[in-house]
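Colleague: I am new to this protein and would like to go through it by question and answer. Please show me the sequence and the structure before we begin.

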Amino acid sequence: MALKSVQYHRLETVESEADEDDAPPTHVALHSNSAHTKGNRWNHIDNLDEFFDRVYQYQQQHGLAAIALTDIMELLQFAFMVLFSVFLVTCLRFSILWADKVPLVDSNGTRDVIFSDLFDLKRLEHINPLVVMFLLMAITFWIHRFCRTMWRFYKFWEIRTFYTEALKIPPNQLRNFTWPDVVARLKEAQREYKMNIRKVELTELDVYHRILRFKNYMVAMVNKAVLPCKVHIPFLGEKVMFTHGLKYNYELLLFWGPGAPFVNSFYLRQEYKSAMRKQELVRKLQFRIAVLALINLVFCPAILLYQILLSFFSYAELLKRQPGVFGKRRWSLYGRFYLRHFNELDHELSLRLNKAYKPAVKYVDLFTHPIVVIISKNVAFFSASLLAVLLCLTVIQEDLLTAHNVLTFITLLGIVVTACRIFIPDEHQVMCPQQLMGSVLQEIHYMPDEWKEKPHTVETFKEFCQVFQFTMLYLLDELLSPLVTPFLLYFSLRGKVPEIVDFLRNFTIEVSGVGDVCSFSEMNIKKHGQPEWLSNRLTVAVPHDQAELGKTELSFVDFSRKNPLWKPSNDNSQYMEHLRHSIEELSQSNEDGASGGQYNPDESLVYLSLQGKEMSESMKGSIWSMPLASERPKRDLSTITTMEVHELHDLQKYGAGEGGGGGGQPPPAYHHDPTKALRMTDSTRAASGSAIGSGPAATGTTNWTATSDGARTHTLGRPSDLGEPLLLSDQQPNSDATAIDIHDPK
């Protein structure tokens, strides 16, 4: 979908109540270089983006000593890798290594090869010119990294002093403070030291904006498919290609490299804010991409060699000791951006994905090809048989270990057996893709509706593997990255330049005291919300301006939960009120169902079905047909979870079907809060009945009752010819707890 060309405009921000004169002029840097007064060195910090980022890194990496030691070890590791590689290439006598040349014969005749025979140190006097060139390039790069390390040490020493003096957190107490504790101390330090002279108070969102200014742009571009993250490979179909090398080049082009659209990290260049200069900017950016692609092509051999050496020294020993590690799964780099909230820090994202790892592994393990399983079992049998015989012979006669290639065969056979076991499923696993996908969703928060509706299909499995890939494929992508990056930059990214220019213009706003940020990072429901995510009548965004997969709404809910003291805008506060009322109604319906009553969605969540009607300005009690119990305390808005938003979204969609017409597909299994569980049971729907939303009558009724034990069952009315229901539950079928019955067309 082509991005529309509109004039750059400023959207409302959280600071909308602030005086207009408080906003800095767009042609001046947010912070100027002023001498720090004695005794107040933290006043008017020049670059708060870098400063807050270092504050975050200092806390996450456990202080100056750990940071300095890590940098020093990286320098030593690089120097060792380069020097050791040069030594092996120059001094190793390959003719003796491959038994092409027999060593000198002593007085007793021909002797065995010893270790000293493999190396000739005199060859260092005549190093190959190509090796010398490689060595010079490595030395230059090492000196650059050394200077960067010294500069980082100086800057983090300042951060250490800032923690001690301004935040009152001494180094020996750092591990006692979490990141929210540090943010609270930063807010106090702002009042005392005025680190940002453009603002009186510092909010949590201000801190996140500065740390994640460019990452929010990347997350939004991946969400809106502006960046080319997928390529079509003949005979293989579509494949995700998003490596660290590509990410580095994207950031270099768009954010901090020479001629980048952003100037001094705070503001988008003025020419990018005008649609009149679009064609000129497109030509300039395409030229810069072509130049960068050429540079990548020139340095491709050196980068590729570095990648190979780094991978070899890092994983060669692991391949021998634990070859099964390469058959394990990991979240891909593309997946980390695809699943990331706006304004989510690295440790917060890692926490979510780590929690989702085990159910994700169980889900992908369900999909095994029968032919591959049969071949793997038999290859493992033959290899294990040979390995067992060799091991028994070496136990009986230890001298066999010194025989030619016996030890090599034992190692290779062990690797083959381990590799085959990767493709052999657990004989005790239970086929429950719907339940496992629900457990994964509970942590990752984002997935297309097709994944929820058809988690048992191969298509869903293949799409999920794009964000949850084999470690071996991840390493292979990184190894091939230097080869494919120049071509992806020139042939894929250049074609996306018009969309990138439009995106920067349309989705950049100026926030008072912060500078230019991605408008999606404001999490403004009115500007970027999707009606199907419970923001109906609260958003005026057209489809082009809406974040996909409900990212605006889910990011806002997640950020509010992690920062309960943060005060959102009025529009977002109204959205949270809608969520609270919806959740309280569901909770009330559970209690009514437990007491023998039934809950009809036609009589609840009325605002979801108000098509063409104006909402009440207060958006409170007048739109709810079923009042809450007067004695029920109001729920704290910061306790609302993303899973509850997903559940309400699915009730709206699956209860009414697409477009409110009925006949939606089964929702996923939810396990986030058993105390709020519901049971959906089939009954006969009246001919004129309808589910949540307006539209023609559907072919089945969804009534809600609560189970006595708090368990949840979703049983959706489906035609009888679809087969027997698929039992999905955390417990066994004969358990006392109610299972989840979902009719599966397969």
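Colleague: How far apart are the end C-alpha atoms of helix H21 (residues 551-562), and what span should its residues give?

Modeller: This is a predicted model, and the figures are computed from it. Helix H21 has twelve residues, which at 1.5 Å a residue should span 16 Å. The distance between its end C-alpha atoms agrees with this, at 16 Å.

Colleague: How many of the twelve residues of H21 are buried?

Modeller: The buried residues run through Lys551, Thr552, Glu553, Leu554 and Ser555, then Phe556, Val557, Asp558, Phe559 and Ser560. H21 is therefore mostly covered, since buried means under 20% relative accessible area. The count is ten of its twelve residues.

Colleague: What span should helix H10 (residues 300-321) have, and how far apart are its end C-alpha atoms?

Modeller: H10 has 22 residues, and 1.5 Å a residue gives an expected span of 32 Å. The helix does bend by about 40° at tyrosine 315. The end-to-end C-alpha distance still agrees with the expected span, at 31 Å.

Colleague: Which helices are included in what covers the buried residues of H10?

Modeller: The residues in question are Cys300, Gln307, Leu309, Ser311 and Leu318, which are buried in H10. Their cover includes helix H2 (64-91), helix H4 (129-165), helix H9 (278-298) and helix H18 (471-493).

Colleague: Where does H18 bend, and by about how many degrees?

Modeller: The 23 residues of H18 would reach 33 Å in a straight helix at 1.5 Å a residue, but its end C-alpha atoms are only 26 Å apart. A proline, proline 482, follows the bend within four residues. Both Ser481 and Pro482 are among the buried residues of H18. The bend is at serine 481, by about 60°.

Colleague: Which residues does glutamate 158 touch, not counting those up to four places away in sequence?

Modeller: Glutamate 158 lies in helix H4. Its C-alpha atom is separated by 9.8 Å from that of valine 55, 103 residues apart along the chain. The residues that glutamate 158 touches, with those up to four places away left out, are Arg41 and Trp42.

Colleague: Is leucine 167 buried or exposed?

Modeller: Leucine 167 is in the loop between H4 and helix H5 (179-193). Leaving aside neighbours within four places in sequence, leucine 167 is in contact with Phe162, Val182, Arg185, Leu186 and Ala189. The C-alpha atoms of leucine 167 and leucine 186, 19 residues apart along the chain, are separated by 6.8 Å. At 1% relative accessibility, leucine 167 counts as buried.

Colleague: What is the phi of histidine 44?

Modeller: Most residues other than glycine have a negative phi. Histidine 44 lies in the segment before helix H1 (48-60), and at 10% relative accessibility counts as buried. Histidine 44 is not a glycine, yet its phi is positive, near 60°.

Colleague: What is the relative accessibility of methionine 523?

Modeller: Methionine 523 lies in the loop between strand S8 (515-518) and helix H20 (525-528). Although not a glycine, methionine 523 has a positive phi of about 55°. Methionine 523 counts as buried, because its relative accessibility is 0%.

Colleague: How many disulfides are there?

Modeller: A disulfide is a covalent bond between the sulfur atoms of two cysteines. The rule used here asks for a pair of cysteine sulfur atoms within 2.5 Å. Cysteine 432 is buried, at 12% relative accessible area, and cysteine 465 is buried too, at 17%. By the rule, the count of disulfides is zero.

Colleague: What percentage of the residues of the protein chain count as buried?

Modeller: The protein chain has 23 helices and 13 strands. Among contacts between residues at least 6 apart in sequence, 74% join residues at least 24 apart. Of the 746 residues, the part that counts as buried is 47%.

Colleague: What average pLDDT does the protein chain have?

Modeller: A score of at least 70 is reached by 73% of the residues. Over residues 597-630 the pLDDT is below 50, and over residues 668-746 pLDDT stays under 50. Where pLDDT is low, the predicted coordinates should not be read in detail. The average for the protein chain is a pLDDT of 77.

Methods
Residues are numbered from 1 along each chain as its sequence is written. This is a predicted model: local features need pLDDT of at least 70, side-chain atom pairs count only at pLDDT 80 or more; totals for chains, interfaces and linings use all residues. Side-chain values use heavy atoms; hydrogens and water are left out. pLDDT is the predictor's confidence in each residue, from 0 to 100. Contact means heavy atoms within 4.5 Å. Helices (H or I, at least four residues) and strands (E, at least two) are DSSP runs, numbered from the N terminus. The expected span of a helix is 1.5 Å times one less than its number of residues. The bend at a residue is the angle between axes fitted to the seven residues ending there and the seven starting there. Buried means under 20% relative accessible area, exposed over 50%, partly exposed in between (1.4 Å probe, protein chains only).
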